[in-house]
Amino acid sequence: MRRFHHSQFSDSSALRRLKQAGGRRVSVCIPTLDEAGTIGAIVSSIRENLVDAGVVDELLVIDSGSKDGTRTAATAAGAEVYLAVEIAPDGNGWQGKGENMWKALHVATGDIVCYLDGDMENFHPGFVTGLIGPLLEDESIDYVKAYYDRPLARGEELLTNGGGRVSEILVRPLLALFYPELAVVLQPLAGECAARREVLESLPFPIGYGVEIAHLIDLAAAGRLRGVAQTDLVQRIHRNRGEGELGAMAFAILRVVMRRLERDGKLTLANPLPELYQTWTARGDGVRHSAIAIPEPERPPVLSLAPRE
């Protein structure tokens, strides 16, 4: 799998010429939920360094209904902001990262779509140019995945590594066991990626955190790994999640992977997978039980949908 470094694509003028020569449009789409503290700086940087330079044609924020002013901050910084529930409404009312990414394909107009997370604290333009650059430069590349170091915050201290806990504890062992061809993917759950529209429209989208691993497995199943590349973005600093959130994330990801393991003939499930994620917390006054339903449904490939009127 080919690898690049974001610094190889730091020349905005060169990228603009490549884009214009290929007749391409580039859309940057950011799914958000309560990211008011970071989204403004991300949008402003993209607007000032890439939109104004003619590298990015449209900058979209697809929001899940933030309560903290995310949409106001994104709009003020120069993004086109949408509520996910208002895009292609069908009454489901689902929320999640993958849902926002799928909804973005209904409003974005780019031939190349770049997805970014909205919680990055150390964003730089290379997060975009490093992902779209290989697609503009090489027609044989269809999908570009980010990789980087992920520091872990411990109080006021920032450890140089230790982030990406779900990747290391759950996803990487699963890939090694069942999809060893994907073991070369350095950050399988990286939220930053870019791809050609026709590729994205051919893929189903789990509505939550299973979307990144689903794309990799589905690209492999379709024999398209030769078109996948990775770009080194050096380091990603973001909000570290607690164990409770990570457990729910892992549950959703495991449901998505298990469905694909059965589909691909790698195992047979004796019973349907449960949707209820249960946890217990030991406290001084006893044990507290909590449960949450995480069905992780999937949106179908956009190409499979009937044309809109």
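**Close-up 1. Strand 2 pairs with strand 5 in this predicted model.** Look for strand 5 at residues 112-115: 4 bridges tie it to strand 2, and the two strands run parallel. To find your place along the pair, start from Val-28, which stands opposite Cys-114 of strand 5.

**Close-up 2. Strand 2 also pairs with strand 3.** Here 6 bridges link strand 2 to strand 3, which covers residues 58-63, and this pair runs parallel too. A handy landmark is Cys-29, with Leu-60 of strand 3 opposite.

**Close-up 3. A helix joins in to make a β-α-β unit.** Follow the chain from strand 2 through helix 2 (residues 39-51) to strand 3, and you have traced a right-handed β-α-β unit.

**Close-up 4. Strand 2 is mostly covered.** How many of the residues in strand 2 (residues 26-32) are buried? The count is 7 of 7. Val-26, Val-28, Ile-30 and Thr-32 point one way from the strand, while Ser-27, Cys-29 and Pro-31 point the other way, and residues on both sides are buried.

**Close-up 5. Helix 8 sits largely enclosed by the rest of the structure.** Why can we say this of helix 8 (residues 211-221)? Because 10 of its 11 residues are buried, which here means under 20% relative accessible area. Among the buried residues are Glu-212, His-215 and Asp-218, along with Val-211, Ile-213 and Leu-216. An α-helix has 3.6 residues a turn, so residues three or four places apart point the same way. Just past the helix, look for Gly-223, which follows helix 8 and has a positive phi, near 70°.

Key
Residues numbered from 1 in each chain as written. Predicted model: local features only at pLDDT ≥ 70, side-chain atom pairs only at ≥ 80, totals over all residues. Heavy atoms only, no water. Buried < 20%, exposed > 50% of the residue type's maximum accessible area, 1.4 Å probe, protein only. Pairing = 2+ DSSP bridges. Right-handed = clockwise from strand over helix to strand, strands pointing away.
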